[in-house]
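Colleague: Please take a close look at the empty space in this structure, and say what surrounds it. Plain description will do.

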Amino acid sequence: MDLGDLAFAGAAEQARLLAAGTVTAPALLEVYLDRIARLDPQLRSYRIVLADSARREAEAAQRRLDTGERLPLLGVPVAIKDDVDVGGQLTPYGSGAVSTPAAHDAEVVRRLRAAGAVIIGKTSVPELMIFPFTESLTFGATRNPWDTALTPGGSSGGSGAAVAAGLAPLALGSDGGGSIRIPSGWCGLYGLKPQRDRVSLAPHDDSWCGLSVYGPIARSVEDAALFLDVTSGSDGGFVNAARKAPGRLRIALSTKVPPPLMAKVGKEQRAAVDQAGALLRDLGHDVVVRDPDYPPAAVYANFLPRYFRGIYDDVRKLPHQDRLEKRTRNMARIGSLLSERRMATVRAGESAVAERIQSIFDDVDVVITPGNATGPSRIGAYQRRGGISSLLLVSQRVPFFEIWNLTGQPAAAVPWGLDHTGVPLSIQLVGRPNDEATLLTLSSQIEAARPWAQRRPPVS
């Protein structure tokens, strides 16, 4: 296999090649380390590349392969978002406010290692994962490999850029308001926000007051399902789901922006939803046009208090808060105004909000919305703006995501071609609570009808 083809083969295929002896784990790792050395000075998808330890891990993985041992990810490189602990490494959250390395791997990293993964490095994030663009004063800007003048999105922007450019076959992301789905959509990847609590957040449980989850940014649906199996302990259940035919589903199309958010959805983004509906009808599904019953104030009354309080909670744990960006400190100051009593009231109101929004699933299996409402912003577009101003402007590009962090149910960004500028488009699939399986099986059917995994960006 050509080295470029190998770099873009994806985690599941690489695991098969390693098990068959077609490629060795050290050789596979070197493909990525060479590509990172060549391309990442421009993209800055990694905050740190763990070349030495990764080489040791790859050699150890190969010894296990040589003895006949088989694990789901044995010898496969995986990138870790820089808000997740890797033992012995800093977890700086995109800031200069941390100086002590993490003592232990986070539980999700431990499970990836237990499945045989080689940890290749830690990917870039915006400071404290606050914004859906990956730029910080401490570590600079991460660029989209489809157009380096643009952001890949965020906050898992480094993970998205790395997988899109063939600098990792699979990456861990986190998603507290779209942070897996946003960069997946703008980088042409499959990104899955699992059901809340599906993947352990330990030792950072209840991140952002219950909004945040860990999940995969992947080249294919099978890769994402494999990640979910090994990190959730489902023992092959999600990969099996991704390989099944979905049967006839009832699917709702919706382009309504959840109120009170105000955003203009682009023509190409709306067209992607219409095209998805036409495809799914042709595939035998029952497709209707129907909007979820979004409560008018859910985003302001329930999501935003948890978002701001989550930022405040993160800031007060940091040892060097004076090193944070001014707008980060200002965002945390807003969160400090939300008392424990107020937050208890906010969180007690979640069930009623979720029940109302989820009522659409009494009659449908999956809801499809646009992914990102427009294309990504240019690098530096918000550099001179404050926190609230940046949030108000950038949220108009990504209004379809945070409501599903509030309800906690699974949702996926599915690639849908390129826009007129050559930047990826996406649609979002939302499933019933605890029903990642249906999302995976339907996503696989779409992937088979409209393959995307081998599409490569100009920077590759």
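Modeller: Helices here are DSSP runs of H or I with at least four residues, strands are runs of E with at least two, and both are numbered from the N terminus. The model is a predicted one. Rolling a probe the size of a water molecule over the atoms shows where empty space is left.

I start with the pockets. The largest pocket holds about 660 Å³ of space. Its lining takes in 38 residues, and those nearest the centre are Tyr93, His204, Ser207, Asp314 and Lys317. Two or more lining residues come from each of strand S6 (170-175), helix H11 (298-316) and helix H13 (340-348). Sorted by class, this lining has 15 nonpolar, 11 polar and 12 charged residues.

The second largest pocket has a volume of about 460 Å³. It is lined by 31 residues, with Leu261, Leu304, Leu391, Ser395 and Glu402 closest to its centre. Helix H11 contributes here too, and H11 and helix H15 (387-395) each give at least two residues to the lining. H11 gives the largest share, 6 residues. The class counts for this lining are 22 nonpolar, 8 polar and 1 charged.

Next come the enclosed spaces. There are 2 cavities of 30 Å³ or more. The largest cavity has a volume of about 50 Å³. Its walls are formed by Gly185, Trp186, Gln269, Asn372, Thr374, Gly375, Pro376, Asp419, Val423, Pro424, Leu425 and Ser426. Helix H7 (181-187) and strand S13 (424-431) are the elements that supply two or more of these residues, and S13 has the largest share with 3. By class, the walls comprise 5 nonpolar, 6 polar and 1 charged residue.

The second largest cavity contains about 40 Å³ of space. Pro126, Glu127, Ile130, Phe131, Glu135, Glu325, Arg327 and Thr328 line it. That lining counts 3 nonpolar, 1 polar and 4 charged residues.

Some backbone details belong beside this account. Most residues other than glycine have a negative phi, and most peptide bonds are trans. Methionine 129 is not a glycine, yet its phi is positive, at about 60 degrees. Methionine 129 sits in the loop between strand S3 (118-123) and strand S4 (135-136). It counts as buried because its relative accessibility is 9%, and the limit for buried is under 20%. Aspartate 206 also has a positive phi of about 60 degrees, and its place is the loop between strand S7 (190-193) and strand S8 (213-218). With a relative accessible area of 44%, aspartate 206 is partly exposed.

The peptide bond between glycine 154 and serine 155 is cis, with omega at about 5 degrees. Serine 155 is in the loop between strand S5 (140-141) and helix H6 (157-164). Proline 259 and proline 260 are likewise joined by a cis peptide bond, with omega at about 0 degrees. Proline 260 belongs to the loop between strand S9 (250-253) and helix H10 (267-282).

On the outer surface, Ile334, Ile388 and Leu392 make a nonpolar patch of about 230 Å². Isoleucine 334 is part of helix H12 (residues 326-336). Its relative accessibility is 31%, so isoleucine 334 counts as partly exposed.

Key. Residues numbered from 1 in each chain as written. Predicted model: local features only at pLDDT ≥ 70, side-chain atom pairs only at ≥ 80, totals over all residues. Heavy atoms only, no water. Patch = residues over 30% accessible without salt bridge, like charges linked within 9 Å, V, L, I, M, F, W, Y side chains within 5 Å. Areas by Shrake-Rupley, 256 points an atom, 1.4 Å probe, with all protein chains shown as cover. Salt bridge = Lys/Arg side-chain N within 4 Å of Asp/Glu carboxyl O. Buried < 20%, exposed > 50% of the residue type's maximum accessible area, 1.4 Å probe, protein only. 1 Å grid on protein atoms, 1.4 Å probe; cavity = no way out; pocket = protein on both sides within 12 Å on 5 of 7 lines; lining within 4 Å. Points joined across faces, edges and corners; volume = space filled by probe spheres on them. Nonpolar A, V, L, I, M, F, W, Y, C, P; charged D, E, K, R; others polar.
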